[in-house]
Amino acid sequence: MRAERLAAIFAVAACAALASGCAGDERPFRLGVLTDCQGPFHAYEDAELSGIELPFVERGARLRGPAPTNGVTDATAGGRKIQLVRGCAETGEYTVFLEEARRLVEREHVDAIVGGNGPSIRDVARLYPTVPFIATFWDDQEVTLRDPASNVYRFTTDYGQQVAGLGGYAYHDLGWRRASILAGDGSSGWAAAAAFIAEFCSLGGKIADEAYSSPWVPQKDVAGQALRSHPDGVAVLLTGLDGPLDLTRGVLRGLKDPPKQLLLTGPLVEDPSLLQPIARRLDGVVSTSLIPVTAPTRELSDYRERYKMTFKGLPPSIGDFSFVLGYGDSVRALLAAVDETGGDLSDGRRHLRRALARLRIDLPRGEVRLDSHRQAVTDVPLVTMRWENGALVAKSLRVSHDVEQTFGGLLSAAPPPGTGTQKCVKTTPPRWAR
């Protein structure tokens, strides 16, 4: 009896000593999240937290107050209580992200982290190989495409995937043979440009010019640079952070027929108010979209209703922003994996990490599975922008199915994206562009 009792005591002590826990223990699953509670994006903290907290509410939790920053009670998944542990990050400040992630793991003993700040999430994840890190919000290609960390997972598309289908539409439908690119001079613009070049050139197209704009560096007539070689059309691959209004207006001045000579991208059109002063001239222009439109999924319709009813102090439209959906999708995927494992955190969370890598899940934006680098493979919609009742509205055009981030190996075989790094080569195109 004494030997059995000692064995039991040692087993309990071993479980207590392991931050990852043992299967069958009753401690809560602690989910660490990193949001913008300081810095230039501090105003978006409530929106980010709303995306995180809604999956908790879907699993029985309650908001602690009228604002998302008031917090949320525990949810349940896999037979465990799920506790939310907040970390204070600042977009663009890698050191802050690293320090807060380390605090969450080492002091708060979280079992997983959801958040993102570019490749820094990959770097800190390598320090804690038994802790799953779910990357979201900042969609840098480098997080998963090259030299990925084995415990980083991303259930959202990267910047390159977000332009999938534009190259094929330009070549097949618009008849472009020479295209110019206007993109932001940073990771989002470089990755988007590389993806468009890979797809368009694989079909036989040529790139007339590449023009990159930075809001931090004064530049003269960037739009003119994209037009100087008289291309068949211009792919404007900007985001809301690139000062898109004046640049897009500059391109429009040089185009006679925008629906046939201009393409846009999802990160630019997800907030139509950014382009409202020139919206009439964008009627009929095609873009990718970050959410399904016209015929949304049942999951998206249900999500919108739940968001509106849960966060009555926020405009319902905030729930459609990609970063809000991204945080929510990441949490939903993680909790689904906890369900699949029955809350088993033993052996360095090995079962949880395996379940995440194998997960196939229906999320508000559609079905998502992960590739061998644990990066999302999913559909990317193409939409036609229409001027209706004084506003720019996206109408469904078609869908690029099963978009994976290598673009059939064309991106993974190239150097990390930068200005001019993606070669224009005719070759086997990605499946969705054929």
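**The loop residue Phe-137**

Phe-137 is located in the loop between strand S5 (133-135) and strand S6 (152-153); strands (E, at least two residues) and helices (H or I, at least four) are DSSP runs, numbered from the N terminus. Residues are numbered from 1 along each chain as its sequence is written, and this is a predicted model, in which local features need pLDDT of at least 70, side-chain atom pairs count only at pLDDT 80 or more, and totals for chains, interfaces and linings use all residues. Side-chain values use heavy atoms, with hydrogens and water left out.

Task: Determine the sign of phi at Phe-137 and whether Phe-137 is buried or exposed.

Solution: Begin with the backbone. Most residues other than glycine have a negative phi. Phe-137 is not a glycine, yet its phi is positive, at about 75°. Next, consider accessibility. Phe-137 has a relative accessible area of 15% and is therefore buried (buried is under 20% relative accessible area, exposed over 50%, and partly exposed in between, with a 1.4 Å probe and protein chains only).

**Confidence**

Task: State the mean pLDDT of the protein and describe residues 1-23 in these terms.

Solution: The pLDDT is the predictor's confidence in each residue, from 0 to 100. Its mean over the protein is 92, and 94% of the residues reach 70 or more. Over residues 1-23, however, the pLDDT is below 50, and this stretch has 18 contacts in the model beyond near neighbours in sequence (a contact means heavy atoms within 4.5 Å).

**Helices H12 and H13**

Task: Classify the crossing of H12 and H13 and give its handedness.

Solution: First, take the axes, which are lines fitted to C-alpha atoms, for helices over the stretch in contact, with angles from 0 to 180 degrees between N-to-C directions. Those of H12 (residues 322-340) and H13 (residues 346-358) come within 9 Å and cross at roughly 125°. H12 is therefore oblique to H13 (under 35 degrees is roughly parallel, over 145 roughly antiparallel, 65 to 115 roughly perpendicular, and the rest oblique). The crossing is right-handed, meaning that the near helix is turned clockwise from the far one by less than a right angle, whereas anticlockwise would be left-handed.

Finally, list the residues. Ala-333, Leu-334, Ala-337, Val-338 and Glu-340 of H12 meet Leu-352, Ala-355 and Leu-356 of H13. The residues of this contact comprise seven nonpolar, no polar and one charged (Ala, Val, Leu, Ile, Met, Phe, Trp, Tyr, Cys and Pro count as nonpolar, Asp, Glu, Lys and Arg as charged, and the others, Gly among them, as polar). Within H13, Asp-347 has a positive phi near 55°.

**Helices H2 and H11**

Task: Establish how H2 and H11 are oriented to each other.

Solution: The axes of H2 (residues 45-58) and H11 (residues 298-310) come within 11 Å and cross at roughly 100°. The two helices are therefore roughly perpendicular. Ser-50, Leu-54, Val-57 and Glu-58 of H2 make the contact with Tyr-303, Arg-306, Tyr-307 and Thr-310 of H11. By class, four of these residues are nonpolar, two polar and two charged.

**Helix H5**

Task: Identify the buried residues of H5 and what covers them.

Solution: Six of the eight residues of H5 (residues 166-173) are buried, so the helix is largely enclosed by the rest of the structure. They are Leu-166, Gly-167, Gly-168, Tyr-169, Ala-170 and Tyr-171. Their cover includes helix H6 (187-202) and strands S9 (233-237), S14 (376-388) and S15 (391-403). After H5 comes Gly-175, with a positive phi near 75°.
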